[in-house]
Amino acid sequence: MAINSTVSQGGDDGVVRTAEDLGAKLKKIEIEVNSKKIQMPEGLASGLEIKQAAIGQGVSITVKFVLQQEMPNGTDKVIGDDDKIEIRAHLSFTAIAPDDNS
């Protein structure tokens with residue numbers, strides 16, 4: 001998930017803050033993608049943002065991969081690029097190539 005460093009917001013106190021300042025305050029949560037632990041900011045993230053974060057942290061996938069959330073009951077739920085997920089500890093995802101027939 002990219003944070004645009006040129007964006008700024010005025011706070012209630014009149015101080016202008018950069019996106020980095022705002023992003024630095026977000027709590028990082030550890031999740032798994034393809035059995036590799038990655039860090040994501042707490043809050044909502046799209047399927048595409050999860051894949052981009054995983055790629056940026058060394059998981060060998062592309063944004064074309066299909067993202068599936070591993071559910072507690074042993075099933076998988078496909079997460080589309082625009083679907084929003086609340087990032088919380090212990091989430092686990094599998095990303096597979098779109099042509100993988102396994």
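Is Ser92 buried or exposed? Ser92 is buried, with a relative accessible area of 15%. The notes below start from the overall layout and come back to this residue. Keep in mind that the model is predicted.

1. **Overall layout.** The protein has 2 helices and 9 strands. Along the sequence they follow the pattern β-β-α-β-β-β-α-β-β-β-β. The protein has 102 residues, and 29% of them count as buried. Now take the contacts between residues at least 6 apart in sequence. Of these, 45% join residues at least 24 apart.

2. **Strand β9 and its partners.** Strand β9 covers residues 92-96. Strand β3, residues 28-33, pairs with β9 in the parallel sense, over 2 bridges. Here Val33 stands opposite Phe93 of β9. Strand β6, residues 66-70, also pairs with β9, but these two run antiparallel and are joined by 4 bridges. On that side, Val66 stands opposite Ile96 of β9. When you look at the model, find β9 and then trace β3 and β6 from it.

3. **Ser92.** This residue lies in strand β9. Which residues does Ser92 contact, leaving aside its neighbours within four places in sequence? They are Glu32, Gln68, Gln69 and Glu70. Ser92 counts as buried because its relative accessible area is 15%, under the 20% cut-off.

4. **The nonpolar core.** In soluble globular proteins, nonpolar side chains tend to be buried together. The largest nonpolar core in this model has 19 residues. Those that touch the most other members are Ile31, Val33, Ile38, Met40, Ile50, Ile87 and Phe93. Five elements are worth finding on screen: β3, β4 (36-41), α2, β8 and β9 each give two or more residues to this core.

5. **Ile38 as an example.** Ile38 is one of the core residues that touch the most other members. Its contacts, setting aside neighbours within four places in sequence, are Ile29, Glu30, Ile31, Val33, Ile50, Ala53, Ala54, Gln57 and Val59. Among these contacts, Ile31, Val33 and Ile50 also appear in the list of core residues with the most touching members.

6. **Helix α2.** This helix covers residues 47-56. Which residues of α2 are buried? They are Gly47, Glu49, Ile50, Lys51, Ala53 and Ala54. Note that the list includes Glu49 and Lys51, so check both by the charge rule, which counts Lys as positive and Glu as negative. After α2 comes Gly58, whose phi is positive, near 95 degrees.

7. **Lys51.** Lys51 sits in helix α2. It is buried, with a relative accessible area of 2%. Leaving aside neighbours within four places in sequence, Lys51 contacts Ile61, Thr62, Val63, Phe65, Leu67 and Asp81. Its C-alpha atom is 9.6 Å from that of Phe93, although the two residues are 42 apart along the chain.

8. **The salt bridge of Lys51.** Side chains of opposite charge can pair when their charged atoms come close. Lys51 and Asp81 form a salt bridge, at 2.6 Å from N to O. The pair links distant parts of the chain: Asp81 is in the loop between β7 (76-79) and β8 (84-87), while Lys51 is in helix α2, 30 residues apart. The two partners are not alike in accessibility. Asp81 is partly exposed at 34%, whereas Lys51 is buried at 2%.

9. **The other salt bridge.** How many salt bridges does the count give? It comes to 2 salt bridges. Besides Lys51 and Asp81, Glu32 forms one with Lys37, with the closest N and O atoms 3.1 Å apart. Glu32 is partly exposed, with a relative accessible area of 24%. Lys37 counts as exposed, at 53%.

10. **Glu49, a charge without a salt bridge.** Glu49 is in helix α2. It is buried yet has no salt bridge. Why not? The nearest side chain of opposite charge, Lys84, is 4.1 Å away, and a salt bridge needs the two atoms within 4 Å. The side chain of Glu49 does reach the backbone nitrogen of Ser46, at 2.8 Å.

How values were computed: Residues numbered from 1 in each chain as written. Predicted model: local features only at pLDDT ≥ 70, side-chain atom pairs only at ≥ 80, totals over all residues. Heavy atoms only, no water. Buried < 20%, exposed > 50% of the residue type's maximum accessible area, 1.4 Å probe, protein only. Polar contact = N/O pair within 3.5 Å; in protein donor to acceptor, adjacent residues only side chain to side chain. Contact = heavy atoms within 4.5 Å. Pairing = 2+ DSSP bridges. Core = buried A, V, L, I, M, F, W, Y, C linked by side-chain atoms within 4.5 Å.
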